Amino acid sequence: AQAQTQTSRQPAPVMSVEGAGWLTRPDRIQEEDPDRMLAALDIKKGSVVADIGAGVGYHVWRIAEIVGPTGKVIGEDIQEGMVQLLKKNIDDRKLRNVEIILGTPTDPKLPKNTIDLVLMVDVYHEFSEPDTMMRRIQEALKPDGRLVLVEFRKEDPGVPIQPLHKMSVQEVRSELESAGFKFQRSLEFLPWQHVIIFSASQ
């Protein structure tokens, strides 16, 4: 079954650093409502949160405020250009509770058994080797940790995103459950995206 997840769905191409402007476009507030999305996750002060595929840090600086000085945010990306932009954005905001990691397509290089929440916003569908990545993410999560995927709704033809960049809840569930995660719930209050929440172990 694991081999099938590699071949049954074509991964989308990774957004290049040339697309970084799209990540901070003014319309993103209305289209994706990031503050409401993060508030719905009930992230506790002092938590350790990893944002995988963090890009320029759009969610990182928001999470840094939520977890506070006793918490930590790990911003990870696989592109050096994105990581440089992320570092600049974090430095400009003088955030002291953010760690930045340059990962690879098969390893986000997270410390094992330390993460309370892994967040992936419009990222999972770009993984070229999802099985390997999800094993590494599972190793990084604490036993009571959570995994949250935000993905554009494949079920809704009105969402103006290329099909390769959309996923259905059922697609996500079938792949993540076979990787050992337990589906908790899907939140559907965002205009275009699912917020799909899993616990680290079944």
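Which residues of the largest nonpolar core touch the most other members? In this predicted model, they are M120, I137 and L147, within a core of 28 residues. Several elements build this core. At least two residues each come from β1 (48-52), β4 (115-121), α7 (130-140), β5 (141-153), α8 (169-178) and β8 (193-199). Helix α7 gives the largest share, four residues. In soluble globular proteins, nonpolar side chains tend to be buried together.

The surroundings of L147 were examined further. Neighbours within four places in sequence were set aside. L147 then contacts V118 and M120, as well as M134, I137 and L141. Its other partners are L176, F181, I196, I197 and F198. A second core is separate from the one described above and holds 23 residues. Among its members are L41, I63, V73 and V121.

Residue V121 also appears in the lining of the largest cavity. The search covered the whole structure and returned one cavity of 30 Å³ or more. The space inside the largest cavity is about 30 Å³. Besides V121, the residues lining this cavity are E32, P34, M37, H59, V150, L190 and Q193. By class, five lining residues are nonpolar, two are polar and one is charged.

Helix α5 spans residues 60-67. Six of its eight residues are buried, so the helix is largely enclosed by the rest of the structure. The buried positions are V60, W61, R62, I63, A64 and V67. Of these, I63 is also included in the second core. G68 follows α5 and has a positive phi, near 75 degrees.

At the level of the whole chain, the secondary structure comprises eight helices and eight strands. The chain has 202 residues, and 52% of them count as buried. Contacts were also grouped by sequence separation. Among those with a separation of 6 or more, 71% join residues 24 or more positions apart.

Confidence was assessed last. The mean pLDDT of the chain is 89. A value of 70 or more is reached by 85% of the residues. Residues 1-7 have pLDDT below 50. Beyond near neighbours in sequence, this stretch makes 10 contacts in the model. Where pLDDT is low, the predicted coordinates should not be read in detail.

Conventions:
Residues numbered from 1 in each chain as written. Predicted model: local features only at pLDDT ≥ 70, side-chain atom pairs only at ≥ 80, totals over all residues. Heavy atoms only, no water. Core = buried A, V, L, I, M, F, W, Y, C linked by side-chain atoms within 4.5 Å. Buried < 20%, exposed > 50% of the residue type's maximum accessible area, 1.4 Å probe, protein only. Contact = heavy atoms within 4.5 Å. 1 Å grid on protein atoms, 1.4 Å probe; cavity = no way out; pocket = protein on both sides within 12 Å on 5 of 7 lines; lining within 4 Å. Points joined across faces, edges and corners; volume = space filled by probe spheres on them. Nonpolar A, V, L, I, M, F, W, Y, C, P; charged D, E, K, R; others polar. pLDDT = per-residue confidence, 0-100.
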